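Reader: Please walk me through some local features of this model, with the cut-offs behind each term.

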Amino acid sequence: MANIKQIAELAGVSITTVSRVLNNHPYVQEAKRQSVWDAVHKLNYSPNSNAVHLVKGKTGMVAVLLPFVNHPFSGMVLEGIAEQALLNNYRLILCQTNYVQTEEKRVLDMLKSKQIDGVIIVSRKGEWEMVEPYASYGPIVACEKVDSEVISYVHVDRYKGTKECFRYLVEKGYRHIGFSLGTSGTHNGQKRMQAYIEGVTDLGERVRPEWVFENCYQMEDGSQVVQQLAQLKERPQAILVAGDLPAAGMITEAKKLGWRIPEDLAIIGFDNLPLASILDLTTMSVPSFEAGKVAFQLFIEQIPMRGQEPTDSPVVPKKVELPLKFITRGSA
């Protein structure tokens, strides 16, 4: 296999000039640049990516850690990340974890072994105490609020958003309110559950476990929630749903049962996906695409520019909060 020394000899230039040409250095005479590329093609040279990474000190790749690739919310965040990655000549490695903590750790180990330059965490289940030590190997950016001295984040206040949705239902006269969420094992899930419990308590009601549903991510999960509600002797008047997809499943299944929305069951979603408008779903609009863009920007700000030496100065994490917007429609 050809090497840089052979290219230099064939092109009649120095090894330094070959390195500059291969790395798109601007200060190379055009004639020498052309001679190098002619030699590259003649020798059928292909650079060793690992060697390039060692020379440059970076891989040009960032891992995006997310629980589900096929969920619209994750997809919209990913779109924002991908747009910025393309503009900055970065490649993405998508790592679906299904909220399995061993899979989350495997991604972080990739950072430790220098296979990637950093990690953007869309959502995770592991404790941040496990994640933080890996920040010494490269930038880690979260798409949720983190109490950390080394991890930057962009987030929306899902606690505040859930409280606003609950308050809207109370103002509409509802007192018996159910709740559906993905998992209470994440920071966002815990905050949403806290907001719901506080809302129920403030009403002087008790939290009824049979009205609380976890692991609801897709439309079929929402359908199953309504099927379970149909078996109860006493049903909630309304339900808060931590995602538009399961909320859409609830609307569809409720109509199959002949229930009127919102008279028999009021439903509020979260995310404001395109289908929310089609289904006339009251929901909370989340700037997911913008969150992805900001997440990548927070990552790239911590990567040294070309010609800039890495610094051992401590990272000062940046904290960005994006606004939510309540969207009133006909489902509640």
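The questions and answers below cover charges, backbone and burial.

Reader: What kind of model is this, and how are its residues numbered?

Author: This is a predicted model, in which local features need pLDDT of at least 70, side-chain atom pairs count only at pLDDT 80 or more, and totals for chains, interfaces and linings use all residues. Side-chain values use heavy atoms, with hydrogens and water left out, and residues are numbered from 1 along each chain as its sequence is written.

Reader: How many salt bridges does the structure hold?

Author: Side chains of opposite charge can pair when their charged atoms come close. A salt bridge here is a side-chain nitrogen of Lys or Arg within 4 Å of a carboxyl oxygen of Asp or Glu. The number of salt bridges in the structure is 12.

Reader: Which residue forms a salt bridge with E144?

Author: The closest N and O atoms of this pair are 3.5 Å apart. The pair links distant parts of the chain, 20 residues apart: E144 is in the loop between β4 (140-142) and β5 (152-155), and its partner is in the loop between β3 (118-121) and α7. Helices (H or I, at least four residues) and strands (E, at least two) are DSSP runs, numbered from the N terminus. The partner of E144 is R124.

Reader: Are E144 and R124 buried or exposed?

Author: Buried means under 20% relative accessible area, exposed over 50%, and partly exposed in between, with a 1.4 Å probe and protein chains only. By that rule E144 and R124 are both buried.

Reader: Which residues are joined into one network by salt bridges that share partners?

Author: R208 pairs with E210, with the closest N and O atoms 3.0 Å apart. R208 is buried because its relative accessible area is 14%, whereas E210, at 32%, is partly exposed. Salt bridges that share partners make one network of R208, E210 and E234.

Reader: Where is the cis peptide bond that has an omega of about 15°?

Author: Most residues other than glycine have a negative phi, and most peptide bonds are trans. P262, one of the two residues at this bond, lies in the loop between α11 (244-256) and β9 (266-268). The cis bond joins I261 and P262.

Reader: What is the phi of D271, and what is that of N272?

Author: D271 is in the loop between β9 and α12 (274-278), and N272 is found in the loop between β9 and α12. D271 counts as buried because its relative accessible area is 5%, while N272, at 22%, is partly exposed. Each has a positive phi in a residue other than glycine: near 130° for D271 and near 60° for N272.

Reader: Which residues does Q84 touch, leaving out those up to four places away in sequence?

Author: Q84 sits in helix α5 (residues 72-87). Its relative accessibility is 10%, so Q84 counts as buried. With contact taken as heavy atoms within 4.5 Å, Q84 touches K293, F296 and Q297.

Reader: Which residues is G189 in contact with, leaving aside its neighbours within four places in sequence?

Author: G189 lies in helix α9 (residues 187-202). At 5% relative accessibility, G189 is buried. Its contacts beyond those neighbours are L181, T183 and S184.
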